[in-house]
Amino acid sequence: MAAVRAEDSNTYCYRIHALDSPARGPCGGSSRLLCMRSPVERDVRLEVPVTAGEMELGGLLGSGRLRLLVCFLGVFVCYFYYGILQETITRGKYGEGEKQERFHFALSLVFVQCIVNSLFAKFLTHFFESGKADRTHSWLYAACSLSYVGAMVSSNSALQYVNYPTQVLGKSCKPIPVMILGATVLRKKYPLTKYLCVLLIVLGVALFMYKPKNAGSSGDDHVFGYGELLLLLSLTLDGLTGVSQDHMRANFQTGSYQMMLHVNLWSSLILGAVYLVYISLPCK
């Protein structure tokens, strides 16, 4: 077999000579010419065209350190301000004088949050995942939204009984139910380092929450009560949400923005239906 380069610089032709056969005699061999493109050109055809905006965005956030810094600041600043607003709303008192009352509208608060999340996710999907097809079944989104709504309502309701730092510390144990349900339901295997990290988180939360009793302390100190039970329920539902999201990513390659959009849309529908039933009741 001899290689011959064609006029096109990216095309190579191979002349293949057949072996002599008894039927054709010693001079009865044949040959044929096989031409193919070079691997470089074939690989170029598989590349996805990139727009100028994507190239500019990739250039700005191409550095791993810069991207990590931007994500860290975004999570820290937004979550910090979100905590201030959430505690102000849920633990504040409304009204004047003897008519003051505490906040009792966790469903309405979560309903508004889901609507705003849906609008924001729609904006992100339009600009970053507009050309990506979503093959995830709708019933999976609906099932995920049930645990998602339950976790958010329980978490917001717990703030009526515990302060926000306690809620955050309790929610920091979220990897525990996620790992337990992932190992039992999805049969996932986690490395030993992840188990050690979760153990350190639990020990840190326990040390922070531990308050030794003093001799002169009053007998009405706060103990494990209704607020902590709500946080425990929220953690369990968070674990179910994490397992369902892992299932969708593994089997349907669901995008982050698509998942955010559809889960919040289903959550808005569920909460809207619950709210309509609630206001239609004769005695509230």
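1. A good place to start is the side chain of K171, which is joined to that of D238 by a polar contact of 2.4 Å. K171 sits in helix α6. Please keep in mind as you read that this is a predicted model.

2. What else does K171 touch, once its neighbours within four places in sequence are set aside? Its contacts are A151, S155, S234, L235 and D238, so D238 turns up here as well as in the polar contact.

3. Helix α6 (residues 164–171) also packs against helix α3 (residues 64–91). Their axes lie 10 Å apart and meet at an angle of about 125 degrees, which makes α3 oblique to α6. The crossing of the two helices is right-handed.

4. If you would like to find this packing in the viewer, look on the α3 side for Y79, Y82, G83, Q86 and E87. Their partners on α6 are Y164, P165, Q167 and V168. By type, the residues of this contact comprise 5 nonpolar, 3 polar and 1 charged.

5. Now a word on confidence. The average pLDDT of the chain is 77, and 72% of its residues reach at least 70. Where is confidence highest, and where is it lowest? Helix α5 (residues 138–158) has the highest mean, 93, while helix α1 (residues 39–45) has the lowest, 41.

6. Two stretches deserve a careful eye. Residues 18–27 stay under a pLDDT of 50, and the model gives them 6 contacts beyond four places in sequence. Residues 38–57 are likewise below 50, with 8 contacts in the model beyond near neighbours in sequence.

Definitions and conventions
Residues are numbered from 1 along each chain as its sequence is written. This is a predicted model: local features need pLDDT of at least 70, side-chain atom pairs count only at pLDDT 80 or more; totals for chains, interfaces and linings use all residues. Side-chain values use heavy atoms; hydrogens and water are left out. pLDDT is the predictor's confidence in each residue, from 0 to 100. Helices (H or I, at least four residues) and strands (E, at least two) are DSSP runs, numbered from the N terminus. Contact means heavy atoms within 4.5 Å. Axes are lines fitted to C-alpha atoms, for helices over the stretch in contact, and angles run from 0 to 180 degrees between N-to-C directions. Angles under 35 degrees count as roughly parallel, over 145 as roughly antiparallel, 65 to 115 as roughly perpendicular and the rest as oblique. A crossing is left-handed if the near helix is turned anticlockwise from the far one by less than a right angle, and right-handed if clockwise. Ala, Val, Leu, Ile, Met, Phe, Trp, Tyr, Cys and Pro count as nonpolar, Asp, Glu, Lys and Arg as charged, and the others, Gly among them, as polar. A polar contact is a pair of N or O atoms within 3.5 Å; within protein, one must be able to donate a hydrogen and the other to accept it, and residues adjacent in sequence count only if both atoms are side-chain atoms.
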